[in-house]
Amino acid sequence: MDTSPDSVKAGIRDIFPMLLGTAPFGLIFGSLVLETGLGTIGGQSFSIFVFGGASQFVAVNLYGNGATIVIILIATFFINLRHALYGASLAPKLETQKSRERLLMSFFLTDEAFAVVSRFKLVKSRYFWGAAGAMYCNWQICTLLGIILGSQFEFNASLNIGFFMVPAFLAIIIPQMNKLILINCGMISLFLSLFMMDFPYQSGFMIAALLGITIALIFDYYISKVTRTSGRR
Amino acid sequence: MNIFILIFFMTVITFAIRAVSLLVFSSITLSTLTTRFLSLVPVAVLSSLCGPLIFKPSGYWSNPINLAEFWASLVTVLVARYGALPAITAGIVVYITGYKLGF
């Protein structure tokens, strides 16, 4: 897909399935906030200002266990490091936006927003704001609901809540995997992540992705070299 | 520890990581190799996020045939050609059904 639609509505429509997937996380985060004694304002402030998903969970857990601020900040840094890849990948696609707008956009660059907008070679502002804005509002509402309703939310522990995001991510990446290099890259990254999932602060995901890309590029280089050589004969 | 100091520094770190890479890569001309590398980031990162949730949902290795997550992902992949919403719906329905059936 070359250019995203220039419409807020299209952005909201495309991220909608992700909103359903992230809603349980927001609710659980809200109820977790009460358990750790952060209070309504403290908990909601986390979602309003940090807007970091996984890093919020880890920070609240560490805070509840009495960790120092330095430890929490180090954890935050490593958990969010993969967002550096998102920013780098998205930068060429936002060439029509001014620096100030890009700066603001980077605040809203979550896994879900990135998954939706990264499908396009050029991303229009309205589309980005529709998708990212809907994600932000959804996260705030779910956090607040979790705080208000608290322990009334009883999720079955054996139900893998994290999995609810997987169909959404797969539905986005599968149509993109239309070239051998993309299939190789996806398969290698997935395979490596299985061995690196226990790395500290979720750093294994980023390392698996970086290695997956590198190996896929090397593989592609040798395939094209062999093709060129056999073509000359 | 003041919670608002923690929130302030977490906001700065999270925002800085996202903003610096976006602004730096916006201001430089990228080589062909870097452009190719970055074009693979979405598939690579999203695949690595999905892997453990599909094949090691409990954190350890188990036969995928016995996992509701595996069947739900397979159905999502097969239905993906018909659009995102049908694929996501089918995946979640299969996962919940599999879970109810005791997978």
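How many Å separate the centres of domain 1 of chain B and domain 2 of chain B, taken over C-alpha atoms? The answer is 30 Å. This comes from a predicted model, which scores ipTM 0.87 and pTM 0.82. For chain B, the average pLDDT is 91, and 99% of its residues score at least 70. The assignment behind that spacing puts residues 1-39 of chain B in domain 1 and residues 41-103 in domain 2.

Chain A is next. Its secondary structure amounts to eleven helices and zero strands, so to speak an α-only run: reading from the N terminus, the elements go α-α-α-α-α-α-α-α-α-α-α. Along the principal axes, the C-alpha atoms of chain A fill a box of roughly 70 × 40 × 35 Å. Chain A, too, is divided into two parts, with domain 1 covering residues 8-160 and domain 2 covering residues 177-233. Their centres, taken over C-alpha atoms, are 28 Å apart. Where the two domains of chain A meet, domain 1 puts in seven residues and domain 2 puts in six. On the domain 1 side, helix H4 (69-79) and helix H5 (82-90) of chain A each supply at least two residues. H4(A) has the largest share of that side, at three residues. Sorted by class, the domain 1 side comes out as six nonpolar residues, no polar ones and one charged.

Now for the contact between the chains. Chain B brings 57 residues to it and chain A brings 71. On the chain B side, the elements giving two or more residues are helix H1 (3-27), helix H2 (32-39), helix H3 (41-55), H4 and H5. H1(B) takes the largest share of this side, with 19 residues. The chain B side as a whole splits into 42 nonpolar, eleven polar and four charged residues.

Two of the helix pairs that involve H1(B) can be followed residue by residue. One partner is H4(A), the helix already met at the domain contact within chain A. H4(A) and H1(B) pack at an angle of about 25 degrees, and their axes are 10 Å apart. With that angle, H4(A) is roughly parallel to H1(B). The crossing of this pair is right-handed. From H4(A), the residues in contact are A:Ile69, A:Ile72, A:Leu73, A:Thr76 and A:Phe77, and they meet B:Ile5, B:Leu6, B:Phe9, B:Met10, B:Ile13 and B:Thr14 of H1(B). Nine of the residues in this contact are nonpolar and two are polar, with no charged residues.

The other partner is helix H6 (residues 99-107) of chain A. Here the packing angle with H1(B) is about 145 degrees, and the axes are 8 Å apart. H6(A) and H1(B) also make a right-handed crossing. On the H6(A) side, the contact is made by A:Ser99, A:Arg102, A:Leu103, A:Ser106 and A:Phe107, while H1(B) offers B:Phe15, B:Arg18, B:Ala19, B:Leu22, B:Leu23 and B:Ser26. The classes in this contact are six nonpolar, three polar and two charged.

Within chain B, helix H4 (residues 68-79) and helix H5 (residues 84-100) form a pair of their own. Their packing angle is about 160 degrees, and 8 Å lie between the axes. That angle makes H4(B) roughly antiparallel to H5(B). The crossing of H4(B) and H5(B) is right-handed. H4(B) contributes B:Ala68, B:Glu69, B:Trp71, B:Ala72, B:Ser73, B:Val75, B:Thr76 and B:Val79. Facing them in H5(B) are B:Pro86, B:Ala87, B:Ile88, B:Ala90, B:Gly91, B:Val94, B:Tyr95, B:Gly98 and B:Tyr99. By class, this contact counts twelve nonpolar, four polar and one charged residue. H4 and H5 of chain B are also among the elements that give two or more residues to the side of chain B that touches chain A.

Note on methods. Residues are numbered from 1 along each chain as its sequence is written. Chains are lettered from A and ligands numbered from 1 in the order in which they are written. This is a predicted model: local features need pLDDT of at least 70, side-chain atom pairs count only at pLDDT 80 or more; totals for chains, interfaces and linings use all residues. Axes are lines fitted to C-alpha atoms, for helices over the stretch in contact, and angles run from 0 to 180 degrees between N-to-C directions. Helices (H or I, at least four residues) and strands (E, at least two) are DSSP runs, numbered from the N terminus. Angles under 35 degrees count as roughly parallel, over 145 as roughly antiparallel, 65 to 115 as roughly perpendicular and the rest as oblique. A crossing is left-handed if the near helix is turned anticlockwise from the far one by less than a right angle, and right-handed if clockwise. Ala, Val, Leu, Ile, Met, Phe, Trp, Tyr, Cys and Pro count as nonpolar, Asp, Glu, Lys and Arg as charged, and the others, Gly among them, as polar. Domain bounds come from an automatic or database domain assignment. pLDDT is the predictor's confidence in each residue, from 0 to 100.
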